[in-house]
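Here is a short, friendly tour of a protein chain you may not have met before. Take a look at it first, and then we'll walk through how it is put together and where it leaves empty space.

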Amino acid sequence: MLSYENKTIRWKKRGIVVMSCFLIIAVGTLTWMMNQDPQTEPTVAEDQEVILPLPDEELPQIVQKPFAVDAVITVDYFDGEENKTDTFVKFEEVYRSSQGIDYTKDGEAFEIIAMMDGEVSDVREDELFGNTVVIQSETMTVTMQSLNDVKVKKGDHVEQGDVIASAGTCVYGKDLGNHLHLVVEIDGQLTDPENVYGKTAEEFNALIGQ
């Protein structure tokens with residue numbers, strides 16, 4: 001009986017010691033946590049480069065074609081050089097050099113879209129070239145002719161890709177059937193439309209004088 005009581009006393013003493021150790025550790029940990037400064041930020045070495053995120057930058061717009069179909073060039077822009085595609089249009093028995101490009105798609109009508117953001121500066125019906133829409137984008141003036149079902153009016157703001165009209169017919173290019181006649185000018189200077197596709201305003205401005 002005495003031996004059992006001695007063992008019980010020893011186990012109680014050990015339990016007290018263990019509990020005391022736990023309490024000491026807990027109090028120490030809590031004290032350390034309370035002494036930490038929540039505003040403390042990690043330090044950076046003087047020679048370490050700090051890269052900060054740049055604010056969102058609007059990328060320059062790139063000129064796209066005025067259609068999203070596989071239209072082909074029927075009459076190309078006349079630049080005085082030899083071309084696999086005809087660069088002249090016969091009208092009233094007279095051949096005239098093309099100041100733009102005529103696009104067709106198997107004789108079908110197809111949607112005509114805005115090449116860039118811009119303002120509609122003119123909408124008219126031309127006796128020879130049919131329904132005409134002129135859009136000013138940066139220094140580029142885009143004239144779209146031989147149109148049908150025009151969806152914009154003068155003064156409208158258009159976003160790149162907006163539907164402007166559909167390809168139609170006109171007196172001047174009656175043999176082409178449904179087609180788009182596209183004329184591009186940069187600062188008033190006629191330019192091959194194919195040269196501005198895929199370029200920014202800064203890049204197509206550099207075409208002037210070339």
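## The chain as a whole

Take the contacts in the chain between residues at least 6 apart in sequence: 60% of them join residues at least 24 apart. Keep in mind that what you're looking at is a predicted model.

So what is the chain built from? You'll find two helices and 12 strands. Read from the N terminus on, the order of elements is α-β-β-β-β-β-β-β-β-β-β-β-β-α. The chain has 210 residues, and 31% of them count as buried. Its accessible surface comes to about 14500 Å², with 53% of that belonging to carbon and sulfur atoms.

## β11 and its partners

Let's start with strand β11, which covers residues 180-186. Why can we call β11 largely enclosed by the rest of the structure? Because six of its seven residues are buried.

β11 pairs with several other strands. With β8 it forms an antiparallel pair over six bridges, and here Met-140 has Ile-186 of β11 as its bridge partner. Strand β4 (residues 101-104) is joined to β11 by three bridges, and these two run antiparallel. In β11, Leu-180 is the residue that stands opposite Tyr-103.

Then there's strand β12 (residues 189-191), also antiparallel to β11 and joined to it by three bridges. Glu-185 is matched with Leu-190 of β12 in one of the bridges. β11 and β12 make a hairpin with two residues between the strands, and in that hairpin Asp-187 takes a positive phi near 50°.

## β10 and Ser-166

Next up is strand β10, made of residues 163-167. β10 is mostly covered, with four of its five residues buried. It runs antiparallel to strand β5 (residues 111-113), joined by three bridges, and also antiparallel to β8, joined by two bridges.

Ser-166 is a handy residue to follow here, since it lies in β10. Is Ser-166 buried or exposed? Its relative accessibility is 15%, so it counts as buried, the cut-off being under 20%. Ser-166 is the bridge partner of Glu-111, and it is the bridge partner of Asn-148 too. Leaving out residues up to four places away in sequence, Ser-166 touches Phe-110, Glu-111, Ile-112, Ser-146, Leu-147, Asn-148 and Asp-149.

## Two closed cavities

Now for the empty space. Rolling a probe the size of a water molecule over the atoms shows where such space is left. How many cavities of 30 Å³ or more does the structure hold? There are two.

The largest cavity has about 50 Å³ of space. Lining it are Val-89, Asp-102, Phe-129, Cys-170, Tyr-172, Gly-173, Leu-176, His-179 and His-181. By class, that lining divides into five nonpolar, three polar and one charged.

The second largest cavity has about 40 Å³ of space, and its lining is made up of Ala-114, Met-115, Met-116, Ile-135, Ser-137, Met-140, Val-142 and Met-144. Two elements, β7 (130-137) and β8 (140-148), give two or more residues each to this lining. The largest share, three residues, comes from β8. Seven of the lining residues are nonpolar, one is polar and none is charged. Met-140 is a residue you've already met: it lines this cavity and has a bridge partner, Ile-186, in β11.

## The largest pocket

Finally, have a look at the largest pocket, which has about 260 Å³ of space. It is lined by 15 residues, and those closest to its centre are Val-89, Lys-90, Phe-91, Tyr-172 and Asp-175. Two of these names should ring a bell, as Val-89 and Tyr-172 are also among the residues that line the largest cavity.

Which strand supplies the largest share of the pocket lining? That is β2, with four residues. β1 (72-75) and β2 (88-91) each supply at least two residues. By class, the lining of the largest pocket has seven nonpolar, two polar and six charged residues.

Methods
Residues numbered from 1 in each chain as written. Predicted model: local features only at pLDDT ≥ 70, side-chain atom pairs only at ≥ 80, totals over all residues. Heavy atoms only, no water. 1 Å grid on protein atoms, 1.4 Å probe; cavity = no way out; pocket = protein on both sides within 12 Å on 5 of 7 lines; lining within 4 Å. Points joined across faces, edges and corners; volume = space filled by probe spheres on them. Nonpolar A, V, L, I, M, F, W, Y, C, P; charged D, E, K, R; others polar. Buried < 20%, exposed > 50% of the residue type's maximum accessible area, 1.4 Å probe, protein only. Contact = heavy atoms within 4.5 Å. Areas by Shrake-Rupley, 256 points an atom, 1.4 Å probe, with all protein chains shown as cover. Pairing = 2+ DSSP bridges.
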